[in-house]
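Colleague: I would like a close look at a single part of this model, taken slowly and with its surroundings described as you go.

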Amino acid sequence: MAGETATKRARRSPNYPQQPLNWAVETGLKLLDKEGVHAVPPDVVAANLGYKDANNGSAARVLANLKAFGIIQKAPGGKLVVSKDVQRFKLHPADADRAALIHQWLNKPLLFSKLLEKYDGNLPSDRALVFELVDEHGFLESAAQSAIEVFRASLKYAEQFSAGVTNDVAQEDAVEDEHQEIEVAVAAPPKRSSVPAPVHVGSTSHSVPVAAVREGVRYPIRLAGGRMAWIEVPDPFYEADKKRLEAQLAIIGTVDEDNEF
């Protein structure tokens, strides 16, 4: 009977992160600012987090939490090092790649990866998950509840980060499409009289029949404030024509944008 009681007292739940992913990422960035990606003794890491040394019970739990997500890693000589992925997350210019790192860390804890793989984003109720952890994974009920809370918070953080990236990309694509979209409209052919009228070009006295003038092409140019400008060019349009048109645009009077918008 005494042996059975001792066994019950000694029973422990499987390891799981006791702080959510957003906490782990923020803490990892703080450690990165302190030590970079250099391997240092655990006591130094603990001191950077406000603990006397790594033997402190709270410090040991914090370090274990960071290891569970892969934010810090073991290094030779019993040292610890901030993962280079944390540095990539801080410096990478593409938010989509930073979101990928968030999901990589979310899947790092074994328990989290099992739940994500099993339910593929369609999680059951917390009550059902707690029962599963107790019944199938050997958790104590209190630990199972805590684990699900941390899992839910970590998943929410990852989803919100990805959602923000998706919205930003959609807005950038909309702006890019607005700037790059060029609608080409062919101008309606001019009305032609039954008798061709002479067209004088420059100061010459040579006449060119209207029938010989080919249709032009109109290009819309989107401007700020929802305005439009149209440029109509003849066909064919030569390089010399383009240079002359650019020179003409350069001398057109404009209004300072700061005073206009």
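What follows is a request about the strand pair and the enclosed space beside it, and then one connected answer.

Could you take me through the hairpin that β1 and β2 form, and tell me which residues line the largest cavity and where S83 is placed?

Modeller: Please keep in mind throughout that this is a predicted model, and that the values below are computed from it.

I will begin with the strands themselves. Strand β1, which covers residues 72-75, pairs with β2 in the antiparallel sense, and four bridges join the two. Together β1 and β2 make a hairpin that has three residues between the strands, and in the turn G77 shows a positive phi of about 80°. Two of the pairings can be named: A75 has K79 of β2 as its bridge partner, while I72 stands opposite V82, which is again in β2.

That second pair leads to the enclosed space, since I72 and V82 are both among the residues that line the largest cavity. When the whole structure is searched, one cavity of 30 Å³ or more is found, and the volume of the largest cavity is about 60 Å³. Its lining consists of L31, E35, H38, V40, V45, N48, I72, L80, V81 and V82. Strand β2 provides the largest share of that lining, namely three residues, and at least two residues each are supplied by α2 (21-35), α3 (42-48) and β2. In character, the lining residues of the largest cavity divide into seven nonpolar, two polar and one charged.

Moving on along the chain, S83 sits in the loop between β2 (79-82) and α5 (84-91). Is S83 buried or exposed? S83 has a relative accessible area of 3%, and because buried means under 20%, S83 counts as buried. Its side chain reaches the backbone nitrogen of D85 at a distance of 3.1 Å. If neighbours within four places in sequence are left aside, S83 is in contact with V37, G70, I71, I72 and Q73. One of these contacts, I72, is the residue that stands opposite V82 in β2, and I72 also belongs to the lining of the largest cavity, so that residue links the loop, the hairpin and the enclosed space in this description.

For completeness, the model also has an open space to set beside the enclosed one. The largest pocket has a volume of about 420 Å³, and 16 residues line it, with P14, N15, Y16, P17 and Q18 lying nearest its centre. Helices α4 (57-69) and α7 (110-119) each supply at least two residues of the pocket lining, and α4 gives the largest share, which is four residues. The lining of the largest pocket is made up of nine nonpolar, four polar and three charged residues.

Note on methods
Residues numbered from 1 in each chain as written. Predicted model: local features only at pLDDT ≥ 70, side-chain atom pairs only at ≥ 80, totals over all residues. Heavy atoms only, no water. 1 Å grid on protein atoms, 1.4 Å probe; cavity = no way out; pocket = protein on both sides within 12 Å on 5 of 7 lines; lining within 4 Å. Points joined across faces, edges and corners; volume = space filled by probe spheres on them. Nonpolar A, V, L, I, M, F, W, Y, C, P; charged D, E, K, R; others polar. Buried < 20%, exposed > 50% of the residue type's maximum accessible area, 1.4 Å probe, protein only. Polar contact = N/O pair within 3.5 Å; in protein donor to acceptor, adjacent residues only side chain to side chain. Contact = heavy atoms within 4.5 Å. Pairing = 2+ DSSP bridges.
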